[in-house]
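Here are a few notes to go with your first look at this one. Have the viewer open and follow along point by point.

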Amino acid sequence: MNFLRRFFITILLLIASLTAHPLLAQETSETADSDVLQSKNVYVVPVRGDIDSSIIYVIRRGVKAALEAEADALVLHMDTYGGRVDITQDITDILRKFEPQSETYTYIDTKAISAGAFISSATRHIYMAPGSVIGAATPVMMAPGGGAQQINESYEEKIQSALKALVRANAELHGHNPVVFDAMIDRDQGLKIGDDVVVEEGKVLTLTSMEAGKSYGGQDKPLLSSGTVKSLDDLITRIGGDPATAVRVEPTGMEQIATFIVSLSTVFIAGAVLFGYIEFKTPGIGIFGALAAVCAGLFFFGHSIAGLSGHEYLVLMFIGVVLIAIEIFLIPGTVISGFLGLVLVSVSLLLAMADTYPTDSLVPSVEVLMRPAMTFGQAMLLVIVGIYASMYFLPKTRAFQHLVLDEALPDRAEATEGQSLPAAVGAEGIAMTPLHPGGKIEVDGTPIDAFTEDGYIDKGTAIKIMSFQGTQALVEKV
């Protein structure tokens, strides 16, 4: 037993030390035939369309892939009208994970409006295509039915203050002039540099590529843009040299599915655990086990697309489930196997939801685990409610009786034709094994297959035979 304990602990430590390997959806590599050792490895991540949850998954995937490949530079290929502020903040946090920060670029192809301007401030260099624009970042509130709605003046002031602070922090970190972004958010501020008025008070700042690359007030430094570049390929050549190596991370079309699945993480975790519990409590292998597997599969599938979990966490959960099954069916009462199984399952679920990066330590920080822990806790509350509800209501339903008793147990008529019952109805005995619900009992020295509808009966408990289903006894506690 000590050997088994050391073996399981060793397996746990080895598997738990694994880190997530984000799924790189679709990559196209552009490499010249000459020596590429002297060129930089540039990763290009698209920021196109609305800034929503699906964009996060593409950017997270790209940043993790770039870190794993030890990329020299990261470029955001941007063309967006903006989107949600909370998503924008998450994206800027992800971009800070890339090293070196001095080699982060935004290439504005057509437009970087609102949230697009915020995200641009989180990169060290901003380049623009000819005729492109950046700015107009005044916050608006979306109405329930779609479209913008009027924001209360005091509330708008609070939002603007918070946004200006967030963008200012990013701008200062990367050497941009923070007052430029302030003028994009606050229409009452205006922007004047030296004697030059860039935008009057009462107007929101939006810059063209020429205006963003121009110097004002006698300063040598351009207002915002590091330069106007004809195309993304030209920028890659400027960054990586000629020849240049570029890897373009493209959306897979599955990000919307991942958004839906991740938003229902609590439900899928609760469903996997609850259906698994019901399956273990009923004879045979049936629909509840299949539902548990479907919930677990969808959970890991969605988080893999989202760039959060890798396949190793699904393997980790499978090992945990096997250990729990060993505890229940092969070595009941030993505790060790079941405990290790529960630990592995819990670790797999938590780490699958944790946003870890190749440069992070093997043990995730408390901050990283905080959100997964809250989701996991909510799921466990649902499981507890579901278990009590299933114990009370499920055995009384006709569908449950059909699924469990009629399919998993022989019919009573089959036992009465040519078979004798192993004991009399009403006879008392003890449980030889735990009944959950199936197991063995002993009546007058005779072992009998039995099951209970009372949930769980411990080994050694006094029982009474209530009826027979085939040759299996239906029992209850005395």
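1. A quick definition before the barrel: two strands count as paired if DSSP finds at least two bridges between them. Also keep in mind that this is a predicted model.

2. So which strands close into a barrel, and in what order? Five of them do, running β14-β15-β16-β18-β17, with mixed pairing. On average, neighbouring strands of this sheet are turned by 55° against each other, ignoring direction.

3. Start walking round at β14, residues 428-431, which runs antiparallel to β15 and is joined to β15 by two bridges. To find the spot, look for Ala-431, which stands opposite Ile-441 in β15.

4. Next comes the step from β15 (residues 438-443) to β16 (residues 446-452), again antiparallel, with six bridges. Gly-438 has Phe-451 of β16 as its bridge partner. These two strands form a hairpin with two residues between them, and Asp-444 there takes a positive phi near 55°.

5. Does β16 pair with β18 in the parallel or the antiparallel sense? Parallel: three bridges link β16 to β18, which covers residues 472-477. Here Ala-450 is partnered with Ala-473 in β18.

6. Now some side chains. Two lysines are worth clicking on: Lys-64 lies over the face of Tyr-357, 4.9 Å from the ring centre, and Lys-111 lies over the face of Tyr-81, at 4.6 Å from the ring centre.

7. Last, how many aromatic pairs does the structure hold? There are three aromatic pairs. In describing such a pair, one gives the distance of the ring centres and the angle of the planes.

Methods: Residues are numbered from 1 along each chain as its sequence is written. This is a predicted model: local features need pLDDT of at least 70, side-chain atom pairs count only at pLDDT 80 or more; totals for chains, interfaces and linings use all residues. Side-chain values use heavy atoms; hydrogens and water are left out. Helices (H or I, at least four residues) and strands (E, at least two) are DSSP runs, numbered from the N terminus. Rings of Phe, Tyr and Trp (its six-membered ring) pair if their centres lie within 6.5 Å; planes under 30 degrees apart count as stacked, over 60 as edge-to-face and the rest as tilted. A charge sits over a ring if NZ of Lys or CZ of Arg is within 6 Å of the ring centre and within 35 degrees of the ring normal. Axes are lines fitted to C-alpha atoms, for helices over the stretch in contact, and angles run from 0 to 180 degrees between N-to-C directions.
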